[in-house]
Each structure stands twice: as structure tokens, then as C-alpha cells.
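Visitor: I would like to go through this structure term by term and hear what each word rests on. Please show it to me before we start.

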Amino acid sequence: MADRYLTVAQVAELLGTTERFPRRLVAERRIVFVKVGRHVRIPESALNAFIDANTVQPIGDRCSSLRRAA
């Protein structure tokens with residue numbers, strides 16, 4: 001199955017940010033991208049990998065580990 005290539009505007013919409021954020025990710029080389037002439041395209045798989053790598057999992061049930069003051 002072929003990967004879909006997204007524009008910066010499409011990536012910003014999917015992430016719920018402005019276009020500046022994906023452009024900064026590209027400029028800082030924090031996400032995989034493809035240059036097509038002067039256009040920048042981000043593979044959908046690279047966006048999913050970026051999201052997975054930056055997803056923070058919850059710690060879990062912390063109530064049982066907290067001690068109560070006497």
C-alpha cells in the first residue's frame with residue numbers, strides 16, 4: 001500500500017496546530033519529509049511515527065502509592 005504524502009497545511013490540520021509548527025519540525029529535522037521541487041511533503045507514516053514517539057502514557061493508579069498523613 002502506497003504512503004500518502006501530506007502538505008504542511010494538512011499536517012497542521014491533523015495535529016490541530018498552525019502551519020508554523022510542522023514547518024518548524026521540518027526545519028529542525030525532527031520529522032521525516034520529502035522535497036518535491038520547492039514543496040515539502042510529509043509521509044503519513046512519518047506523521048504517525050512522530051505522534052507515537054511523542055505520546056506520553058499515563059502513570060496508572062497513583063492513589064494506592066500515595067501515603068496519607070496520620
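Guide: This is a predicted model. Among contacts between residues at least 6 apart in sequence, 45% join residues at least 24 apart.

Visitor: What makes two residues count as being in contact?

Guide: Their heavy atoms must lie within 4.5 Å. Phe50, for example, touches Phe21, Leu25, Arg30 and Ile31, leaving aside residues up to four places away in sequence. With the same residues left aside, Phe21 touches Leu15 and Phe50.

Visitor: How many helices and strands does the chain have, and in what pattern?

Guide: There are three helices and three strands. Along the sequence the pattern reads β-α-α-β-β-α.

Visitor: Why is Phe21 called partly exposed?

Guide: Phe21, in helix α2, has a relative accessible area of 23%. Buried means under 20% and exposed means over 50%, with partly exposed in between. The value of 23% falls between the two cut-offs, so Phe21 is partly exposed.

Visitor: And why is Arg29 called exposed?

Guide: Its relative accessible area is 62%. The cut-off for exposed is over 50%, so Arg29 with 62% counts as exposed. Arg29 sits in the loop between α2 and β2. It also has a positive phi of about 55° although it is not a glycine.

Visitor: Where are glycines with a positive phi?

Guide: Gly16, which follows α1, has a positive phi near 75°. Gly37 has one of about 65°, and belongs to the turn of the hairpin formed by β2 and β3, which have two residues between them.

Visitor: How much of the chain counts as buried?

Guide: Of its 70 residues, 20% do. The chain exposes about 5,900 Å², and carbon and sulfur atoms supply 52% of that area.

Visitor: How do you know that the buried residues of α1 line one face of the helix?

Guide: The buried residues of α1, which spans residues 8-15, are Val8, Val11 and Ala12. Seen down the helix axis, they fall within an arc of 100°, so they line one face. The face turned away from that buried side carries the exposed residues Glu13 and Leu14.

Visitor: What covers the buried residues of α1?

Guide: The cover includes β1 (5-6), α2 (20-27), β3 (39-43) and α3 (44-53).

Visitor: Which residues of α3 are buried, and how are they arranged?

Guide: They are Ala46, Leu47 and Phe50. Down the axis of α3 these residues fall within an arc of 100°, so they too line one face of their helix. Their cover includes β1, α1, α2 and β3.

Visitor: What makes a set of residues a nonpolar core?

Guide: The members must be buried residues of listed types, among them Ala, Val, Leu, Ile and Phe, joined through side-chain atoms within 4.5 Å. The largest such core has 11 residues: Leu6, Val8, Val11, Leu25, Val26, Ile31, Val40, Ile42, Ala46, Leu47 and Phe50. The elements that give two or more residues to this core are α1, α2, β3 and α3. The largest share, three residues, comes from α3.

Visitor: How do you know that β1 pairs with β3?

Guide: Two strands pair if at least two bridges are found between them. Two bridges join β1 to β3, so the pair meets the condition. These strands run antiparallel. In β3, Ile42 is the bridge partner of Leu6, and Pro43 stands opposite Tyr5.

Visitor: How many bridges hold for β2 and β3?

Guide: Three, again in the antiparallel sense. One of the partners is Arg41 in β3, matched with Val34.

Visitor: Why are β1 and β2 called edge strands?

Guide: The open sheet of three strands has the order β1-β3-β2, with antiparallel pairing. β1 and β2 (34-36) each pair on one side only, and they are the edge strands. α3 packs on the sheet, touching β1 and β3, and its direction makes about 65° with that of β3.

Key: Residues are numbered from 1 along each chain as its sequence is written. This is a predicted model: local features need pLDDT of at least 70, side-chain atom pairs count only at pLDDT 80 or more; totals for chains, interfaces and linings use all residues. Side-chain values use heavy atoms; hydrogens and water are left out. Buried means under 20% relative accessible area, exposed over 50%, partly exposed in between (1.4 Å probe, protein chains only). Helices (H or I, at least four residues) and strands (E, at least two) are DSSP runs, numbered from the N terminus. The arc is that of the directions from the helix axis to the C-beta atoms. Accessible areas come from the Shrake-Rupley method with a 1.4 Å probe; for residues, only the protein chains shown count as cover. Axes are lines fitted to C-alpha atoms, for helices over the stretch in contact, and angles run from 0 to 180 degrees between N-to-C directions.
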